[in-house]
Amino acid sequence: MPHLIVKDFAAAKTPFEKDGVTFLFASIEKEGVVGVQIGKIKFLLCFCAYENRTILKVDKATRPPFLEAIKRALISFAQASGATILYKNFDEIKALRDRRNFYEPIEFLASYDQKTPLWIETGFGSGRHILQNAKSFADKLHLGVEIHRPSAERLLKRVEAESLNNIAVVVCDAKALFAALPSLCAQKIFIHFPVPWNKSPKRRVFSRSFLGEALRVLTANGVLNFRSDDQIYFDDALAIAREFKGVSIEIKQNAEAITRSKYEDRWRNMNKTIFDLFLTKERSQTREDFAYDFSFPSGDLSKKDLPYGLIAISESFLLRAGERWRLANKGLIVRLIMGDLLALETLYLLIEEGRASYFPSAPLPTRQNYAAHRALIESLYA
Ligand SMILES: C[S@@+](CC[C@H](N)C(=O)[O-])C[C@H]1O[C@@H](n2cnc3c(N)ncnc32)[C@H](O)[C@@H]1O
């Protein structure tokens with residue numbers, strides 16, 4: 001990841017704009033964070049001091065899949081802070097790429113018209129399959145969900161190079177996104193070679209609750225394709241699928257796909273069996289979507305002691321408040337971990353002029369995140 005080592009650093013006074021980057025807020029201590037906005041992308045930089053030097057880097061939880069944006073923010077903030085750059089682990093900064101095809105999860109949900117049929121691929125890895133689908137099925141909107149930012153960045157480069165405008169890329173845990181997607185929006189869902197996690201099946205993407213959400217999200221006659229070389233994971237997925245009513249199940253072995261992914265090539269070269277599960281949703285269903293409100297009451301929090309550590313936990317959700325940094329004008333930013341125990345989200349609570357908001361954006365609109373949000377409100381405003 002791009003980072004800088006600088007000396008004589010004293011975080012510049014915010015807000016200000018430099019080189020197309022808006023610096024929204026910054027901590028006033030020697031170690032802290034800086035809120036950055038470039039176009040619609042928001043993220044945090046962090047800085048920490050050691051001896052008489054300071055390291056400036058990007059915050060892991062909010063890191064966007066655009067290296068050039070991160071590099072530009074680092075250099076501009078270091079310069080604005082009067083620091084001397086002693087070391088940087090990157091050379092030139094190229095032009096910022098068009099980010100048309102990249103969406104924050106919540107941004108995708110807000111912009112999606114719910115009419116264009118979606119084909120969703122979770123964990124697209126190298127992106128070969130989703131790219132080929134986008135080219136072969138131009139009238140569909142292909143949503144790629146990937147937790148690994150460098151894979152998303154690679155796919156975004158290819159999408160741009162090939163001028164495709166029917167791919168949307170979201171970086172997040174597919175388990176959380178599926179719980180937030182609207183009902184009846186996807187004609188196809190592809191889960192190809194998901195990580196088997198056989199020693200820790202709780203970490204798998206495909207679970208009972210995931211399949212419940214996926215079936216809600218599928219249109220009638222929509223198909224979920226689970227493809228794996230791992231028979232244990234495949235058998236477990238099949239057993240879960242059999243628990244659901246209104247789903248027809250088809251199993252194939254070594255079926256040819258529209259395109260072979262890197263993983264598939266590797267396993268086929270080793271003569272491994274590739275298992276396919278095709279689950280077709282037979283029944284239509286009415287929409288089951290809820291509108292969750294993630295706003296905060298208007299009370300003044302500037303004199304409030306904010307909770308630290310575990311705030312709430314139940315069988316399905318958790319809320320934890322962690323590190324925090326003081327900002328100028330009595331502001332505060334607090335790291336939060338919240339939501340579904342199996343798909344936790346990391347984001348920040350920003351208190352400015354006594355008012356609370358989420359940074360960089362509100363959590364995904366899921367039942368578990370909403371429960372965590374209610375617990376946060378209770379602990380803040382009690
Ligand atoms: C074994 S690779 C398979 C990649 C690709 N589908 C293929 O067939 O080559 C699994 C991919 O799933 C992604 N992944 C793992 N857990 C995920 C999650 N919870 N949500 C979204 N993507 C995930 C990983 O980052 C990785 O790219």
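1. In this predicted model, Asp139 and Lys140 form a salt bridge in which the closest N and O atoms are 3.6 Å apart. The two partners fall into opposite accessibility classes: Asp139 counts as exposed because its relative accessibility of 55% is over 50%, whereas Lys140 counts as buried because its relative accessible area of 15% is under 20%.

2. A second salt bridge pairs Glu243 with Arg208, and here the closest N and O atoms lie 2.6 Å apart. This pair links distant parts of the chain, since Glu243 sits in the loop between α7 (231-242) and β14 (247-253) while Arg208 belongs to helix α6 (residues 208-217), with their positions 35 residues apart. Glu243 is partly exposed, at a relative accessible area of 46%, and Arg208 is likewise partly exposed, with a value of 46%.

3. Helix α6 also holds Arg216 and Glu213, which are three residues apart, or about one turn of the helix, and whose side chains meet in a salt bridge at 2.8 Å, N to O. Arg216 is classed as buried, its relative accessibility being 8%, while Glu213, with a relative accessible area of 22%, is partly exposed.

4. Beyond these individual pairs, Arg227, Glu256, Arg260, Glu264, Arg268 and Asp276 are joined into one network by salt bridges that share partners.

5. For the structure as a whole, the count comes to 21 salt bridges, under the criterion that a side-chain nitrogen of Lys or Arg lies within 4 Å of a carboxyl oxygen of Asp or Glu.

Notes:
Residues are numbered from 1 along each chain as its sequence is written. This is a predicted model: local features need pLDDT of at least 70, side-chain atom pairs count only at pLDDT 80 or more; totals for chains, interfaces and linings use all residues. Side-chain values use heavy atoms; hydrogens and water are left out. Buried means under 20% relative accessible area, exposed over 50%, partly exposed in between (1.4 Å probe, protein chains only). Helices (H or I, at least four residues) and strands (E, at least two) are DSSP runs, numbered from the N terminus.
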